[in-house]
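Subject: Structure handover

Hello,

Here is the structure I promised to pass on. Please open it alongside this message.

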Amino acid sequence: MTTRILGIESSCDETAAAVVADGREILSSVVASQVEIHRKYGGVVPELASREHLRHIVPVVREALERAGLRLEDIDAIGVTRGPGLVGALLVGLTYGKVLAQALGKPLVAVNHLEGHVHAVLLEAYRAGNAQPEFPAVCLIVSGGHTQLYHVEASPASGDSVALQLRYRKLGGTRDDAAGEAYDKVAKLLALGYPGGPIIDQLASSHRRGQGSGGGFGPRTGTAPRFGPTKLRGNPFDFSFSGIKTAVLYFLRDHAEFAPGIAARKAALREGKRSAAELAQLCDAQTLDLIAAFQITVVRDLVGRTLAAARETAARSVLVSGGVAANSELRAAFDLAAAKDGLRVFMPSRALSTDNAAMIAAAAYPRLMAGERAGEDLDAEAVLPLV
Ligand code: KG4
Ligand code: ZN
């Protein structure tokens, strides 16, 4: 018998609902993005996020059911994100999920958003008809809100991976900004619009291609800063991205020649011109060098620490998930480096990398099967460790 779980996600700025069958088959996945609302502020404004979730939650759930060709009564359980995230945002999805479960008399399973990102990787492997990752694995969750490394073990170690019970040990995390946050802040400094990740990715990639650089990455002109690797005392699997953001800030302050380009791009953004092609025309070679230097520094840091963690823990796979996992240079660098180390790297498609509810429904499935049920006292948690 098929078990259909309705997943609900509202931890940040995406209102999402999805129906997933048996933890592996996506019957529908609907995401209402709030990016247009937050764009003018250059980041997510928590109260606006909560209000938008309230506007979207009912239609988004309705659409997820319609696309799956199901009615509410056909759902076997509801999986809802409990945290970590913005409490006011989480409460919208969580309360709606709770009320639906009670009204329908169906089980409710609380899901850690980070575990959802891990399951996005497993869902993608099913979707693509690929082999599932082998465990133990190292998982890098890298988004606008998170940059964390986990060691993931599974029991049973092989067999029906859908019923896999996963256990997590945190290896490290960012001590300040998340990697996606650094992308967004640097994009703001350079007047590249919001969110910064996709545009920096496109500009840096086209810059490299344009140079016909024979595969070389990074800065080409003498003026671009050479950001050093972030040196951290203590845990080698921790990250820090506030330093590079500050380095870009000081570099721009000390190099007045960047100011006219920034002013021109600000004007273009005000006119609604924000495509990579439009902004690329307003970026000189020095600016593109700076963007490429920023990106390669972040990518090397993410890849270097993740692979070092994989080696140290004798991991058999590397999983990479979260919005920044969509980055083309990160994907290429992981593939290249992992091939050298004989590791297999698993990354979701873009749609499953960024926040969605299919990953929440998928993460709820093994917990539902293990008999987990959320109580009436279920509450939203801004901080929620993954264990
Ligand atoms: O997972 P996500 O949708 O939301 C959370 O933060 O949870 O991730 C959004 C973040 C933003 O910071 C965005 O700039 C970044 O992911 N991002 C990227 C790319 N696409 C999105 N960063 C680098 N390269 C990309 N292609
Ligand atoms: Zn996320």
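Below are my notes on the metal site, one strand and its partners, and the contact between two domains.

First, a caution: this is a predicted model. Please read every value below as computed from that model.

**Zinc site**

Which residues hold the zinc ion (ligand 2)? The donors are NE2 of H113, NE2 of H117 and a carboxylate oxygen (OD) of D355, at 2.1 Å. Along the chain, their spacing reads H-x3-H-x237-D. Both histidines come from helix α4, which covers residues 113–127. H113 and H117 are four residues apart there, or about one turn of the helix.

Are these two histidines buried or exposed? The cut-off for buried is under 20% relative accessible area. H113 has 2%, so H113 counts as buried. H117 has 1%, so H117 is buried too.

**Strand β6**

Next, β6, which runs over residues 137–142. Six of its six residues are buried. Cover comes on both faces. A137, C139 and I141 are buried on one side. V138, L140 and V142 are buried on the other.

Which strands pair with β6? One is β7, residues 147–155, in the antiparallel sense over six bridges. Within that pairing, A137 has V152 as its bridge partner. A hairpin of four residues links β6 to β7.

Another is β9, residues 317–321. Here the sense is parallel, with five bridges. L140 of β6 is bridged to V320 of β9.

**Domain contact**

The domain assignment gives domain 1 as 4–135 + 349–369 and domain 2 as 179–315. How many residues does each domain bring to the contact? Domain 1 supplies nine residues and domain 2 supplies four. The C-alpha centres of the two domains lie 31 Å apart.

Interface size is often quoted as the accessible area lost when the parts come together. For domain 1 and domain 2, the buried area is about 560 Å². Carbon and sulfur atoms give 52% of that area. On the domain 1 side, V35, R39 and G42 lose the most area to domain 2. Together these three account for 67% of what that side buries.

What is the salt-bridge count between domain 1 and domain 2? The count is one. As for side-chain pairs, R274 and E36 meet in a salt bridge, at 3.6 Å from N to O.

That is the handover.

Best wishes

How values were computed: Residues numbered from 1 in each chain as written. Chains lettered and ligands numbered in written order. Predicted model: local features only at pLDDT ≥ 70, side-chain atom pairs only at ≥ 80, totals over all residues. Heavy atoms only, no water. Donors = N, O, S within 2.8 Å, 3.2 Å for Na, K, Ca; no water. Helix = DSSP H or I, 4+ residues; strand = E, 2+ residues; numbered from the N terminus. Buried < 20%, exposed > 50% of the residue type's maximum accessible area, 1.4 Å probe, protein only. Pairing = 2+ DSSP bridges. Domains from an automatic or database assignment. Contact = heavy atoms within 4.5 Å. Buried area = accessible area lost by both parts, 1.4 Å probe. Salt bridge = Lys/Arg side-chain N within 4 Å of Asp/Glu carboxyl O.
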